[in-house]
Amino acid sequence: MTPRTAPGTDAPGTDAPDTDAEPGAVPEAGAVPPASGALVQVDGLTVDFPVGGGTVRAVDGLSFRLEAGGALGIVGESGSGKSTVAQALLGLHRGTGARLGGTVRVDGTDVGAASVRELRALRGATAAMVFQDPLSSLDPYLAVGAQIAEVQRAHDPRLSRRAARRRAVAVLDRVGVPDAARRARSRPHEFSGGQRQRVLIAMALACAPRVIVADEPTTALDVTVQAQILDLLHEVRTETGTGLLLVSHDLGVVAGSVDDMLVMRHGRVVERGPVARVLGAPAEPYTRELLAAVPRVETPRRRPPDLRKRAGAGTGGTRADGPLLEAVGVRREFGRGRDRTVAVDDVSLTVAAGETLGVVGESGSGKTTLGRMLVRLLAPTRGTVRYDGRALTGVRGDVQMVFQDPVSSLNPRRSVGESVADPLRAAGTLTDAEVTRRVRELLERVGLDPDAYHRYPHEFSGGQRQRVGIARALAPEPRLIVCDEPVSALDVTTQAQILELLARLQGELGLALVLIAHDLAVVRQVSDRVAVMRRGVVVEEGPVDTVYDAPRDPYTRALLAAVPVLDPVEAAARRAARRGATAEHAPG
Amino acid sequence: MNALLSGARFTAKRLVGAALVLLVLSVALYSLFYLLPGDPARLACGERCDPSQVAQVRERLGLDEPVHAQYAHFLQGLFTGRDYSAGTSVRHCAAPCLGLSHQNDQPVSTLIVEGFPATLSLAVGAMTLCLLLGVGTGLLSALRRGGITERVLTVLTLAGTGTPVFLLGLLLLMVVCAYLRWLPFPSYVPLAEDPEQWAWNMLLPWLTLGLFESAKYARLTRASTLEVLAEDHIRTFRAYGVGERAVVARHALRGALPPVIALGALDLGTMLGGAMITESLFGLPGLGRLLIGSVRDVDLPVVVGVVLVIGTAVVVANAVADVLHALADRRVLPS
């Protein structure tokens, strides 16, 4: 499908300006008459990055406007140019070697033509940015209050140090940091992820900007914390009338937080319009494709029900009725003495041959530690893991693992074929020619070109690398694979393809899967049973539809309620429900 | 309050660690006596001693005792002083007693105390110069990255790292004292005697050692500044309109300096043990010269004493640097 520029066929009432035209037809900077009233006006923006000898066009003729107090979402997959647009609004490309074309006006300032002084006045005071990773985005050495105060004093040098500190405490209090006066003296590492993101939002609010540019503000956060942060942004917007430009890869995040949205692909706008219209009745095939790929937490699994029977029949040697893999009261501790933490505490699980067990939980819930114990990469401190009725004492070929990050879990200095061949060579039963033939088979089985054998990991996309990881796990002919966040690093369309591949392999080979994920929707789409983990303990376990449709544990209910939904009306209703629910609790 | 407590605990832990390292060092050094070929008593007595004199020396220095007892006496001497007695003559060696020099029978501690002012003068002056120069050029070349300034500075620092210190010192001596005659050939004047003369005479040694050492600080500062400048939090403050100067001074330097401080502490410790080549070159009566002389004369108590002092200086300087680092970056402290 060829990428398209914003078509003139938008539904009525969208924010597409008349000046929206093909790139190249846009007049040079300064020639465009300032649009009346628009807080942000972008016309024919192009951004080229120098790469090697040539350039790569990250943004290609983008135009949009955002009215004062409005909220616009920009969504797209990785490489679509959405973050580049956000940075261009603040002129952050200056001095980086990137070449910009077209005009960007923010509150009357022409960002491309502005002097360094004008640009500095704009940044923070008129347009404030909220970054993705709140830990690395704050200075680790300084107290957060001092950092916020510094930003205020940069814009108002007459402000005394003391007054700036007082105001910093006030904004921290405003964004819901408890005990703000004391916490203002804490350093970033002393906060939780969600609290840190609140601190960054406090910094954004410090100079009362006219627009907040939030670039993936919740991507690094757990789903319940994500909901709180999005609620906060919404609250800030309704109370202060600040405009919001929200950049995200997550359609659900955008659905509940903005009025209008742009769908970007390859640096161009594919579709734009009010959120309800774009998500409810997408006009463009690409938007439909994106929407179709988003896993839905409310939809039951689409899976032929006879698969498991077939799988069970296909594998010989299973002890009758017994589970394939069984964890009995496993516990894992890390550290010693005062530093000791319990990552997994007394967890018992079973996985039958051919079935999929989903394990969901937020960061720190112990799900990865549990997964590693299931394949015996980690020894349990207490309890046992039994495979086919016998206690596992070490890693074995029958139980394999697929890792989260396909970049760092493949050796960059070995060809992918060699990586897949490693487990076969380790077994030592095949000749070299047989190994090569088998690796080519495996690569083909996971949907890669068998001739990819001699290529290196960096030559592959994220999805392809994950396919290599799966091929490697398949090599010793396992009967169970533990997949630890296999798709969390991937775009939704790629994610859907990988999940499909796993389902197909499961059907063909009769594999049992343990799927560990933080994404509740992903888990629902592929699991037969699900276990919900929190703080090292399984709080609820059962058939997937029972757990999702009638959760018993309050934590499961909270998790499910926090999942972003694609319907803006439903999102607003849930937000109201959450506000009611948290009214009696302290935010956090 | 809690932070203060964990800070105090951290400091205490570091100091205990330093003490343990020193203990291990002292054992290793003491073994030198026994690992080296030759009889320590004969070494102590000298070439022309007859066996009865050697026996007398052996008794006097306690070399006839078992090894562990000798080490215990050595440790005890460090804290309480000890007496060396043979027959009727008693020689007292006062509290940090490191033994007596074989060469002139003086307490080693006295020799070290005599040599220390010159070494301290050289170390502090050279280190100050080196940090100013090294951090300054490193920072400048990081900020002017890709420009002509950076290229010139890179060449200069490369030349600096590549020039041996004795060559640099000789060149300076030749040009400044012999050819241009801006300064007389340096000769050490104690600070207490005449501060002005002290400074003038120390100038060339400071320059020699400071220039030589500054090159690696320039490279380290440049690398670590560039690393910090690429971090996300620097982008945050730029995106909030904080001026470039404040971004560098308040945020980049704070992150870039800890490795520089750590290296500085290590080097300062080494220099406090005597910069041997520089001291010899400029005739400074410091620990470095003392060490070279004692090694040449196989004056084991002096060698052990001076090396122990160097070790102490390095270990203490490191512990101090660790505590400073923890003060700057609280993440280092266990929560």
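Here are some questions and answers on the domains, the interfaces and the side-chain links of this predicted model.

This is a predicted model, where local features need pLDDT of at least 70 and side-chain atom pairs count only at pLDDT 80 or more, while totals for chains, interfaces and linings use all residues. Residues are numbered from 1 along each chain as its sequence is written, chains are lettered from A and ligands numbered from 1 in the order in which they are written, and side-chain values use heavy atoms, with hydrogens and water left out.

Q: How far apart do the C-alpha centres of domain 1 of chain B and domain 2 of chain B lie?
A: Chain B is split into domain 1 (2–93) and domain 2 (108–332), with bounds from an automatic or database domain assignment. Their contact (heavy atoms within 4.5 Å) takes 15 residues from domain 1 of chain B and 14 residues from domain 2 of chain B. Centre to centre over C-alpha atoms, the two are separated by 32 Å.

Q: How much of the area buried between domain 1 of chain B and domain 2 of chain B is on carbon and sulfur atoms?
A: Buried area here is the accessible area (1.4 Å probe) that two parts lose on being put together, summed over both. These two domains of chain B bury about 1400 Å² between them, and the share on carbon and sulfur atoms is 90%.

Q: Which residue of domain 2 of chain B meets B:Arg14 in a salt bridge?
A: A salt bridge means a side-chain nitrogen of Lys or Arg within 4 Å of a carboxyl oxygen of Asp or Glu. The count between domain 1 of chain B and domain 2 of chain B is 1. At 2.7 Å from N to O, the partner of B:Arg14 is B:Asp322.

Q: Which element gives the most to the side of domain 1 of chain B that touches domain 2 of chain B?
A: Helices here are DSSP runs (H or I, at least four residues), numbered from the N terminus. Both α1 (2–35) and α4 (67–80) of chain B supply at least two residues of that side. With 11 residues, the top contributor is α1(B).

Q: What is the handedness of the link of B:Cys93 and B:Cys97?
A: Searching the whole structure turns up 1 disulfide over all chains (a pair of cysteine sulfur atoms within 2.5 Å). That disulfide joins B:Cys93 to B:Cys97, S to S 2.1 Å. The angle about the S-S bond is 105°, and the link is right-handed.

Q: Which three residues supply 29% of the area that chain B buries against chain A?
A: In this interface, 22 residues of chain B are in contact with 28 residues of chain A. The chains bury about 2300 Å² between them, 56% of it on carbon and sulfur atoms. Supplying more of chain B's buried area than any other three residues are B:Ala239, B:Tyr240 and B:Arg331.

Q: Which residue of chain B forms a salt bridge with A:Glu150?
A: The rule finds 1 salt bridge across the interface of chain B and chain A. Its closest N and O atoms are 3.0 Å apart, and the chain B partner is B:Arg250.

Q: Where does the largest share of the side of chain B that touches chain A come from?
A: Two elements give two or more residues to this side, α9 (232–239) and α10 (244–272) of chain B. The largest share is 7 residues, and the source is α9(B).

Q: How many residues apart are A:Glu239 and A:Arg174?
A: The side chains of A:Glu239 and A:Arg174 meet in a salt bridge, 2.9 Å from N to O. A:Glu239 sits in helix α7 (residues 223–240) of chain A and A:Arg174 in helix α4 (residues 161–174) of chain A. The pair links distant parts of the chain, with a separation in residues of 65.
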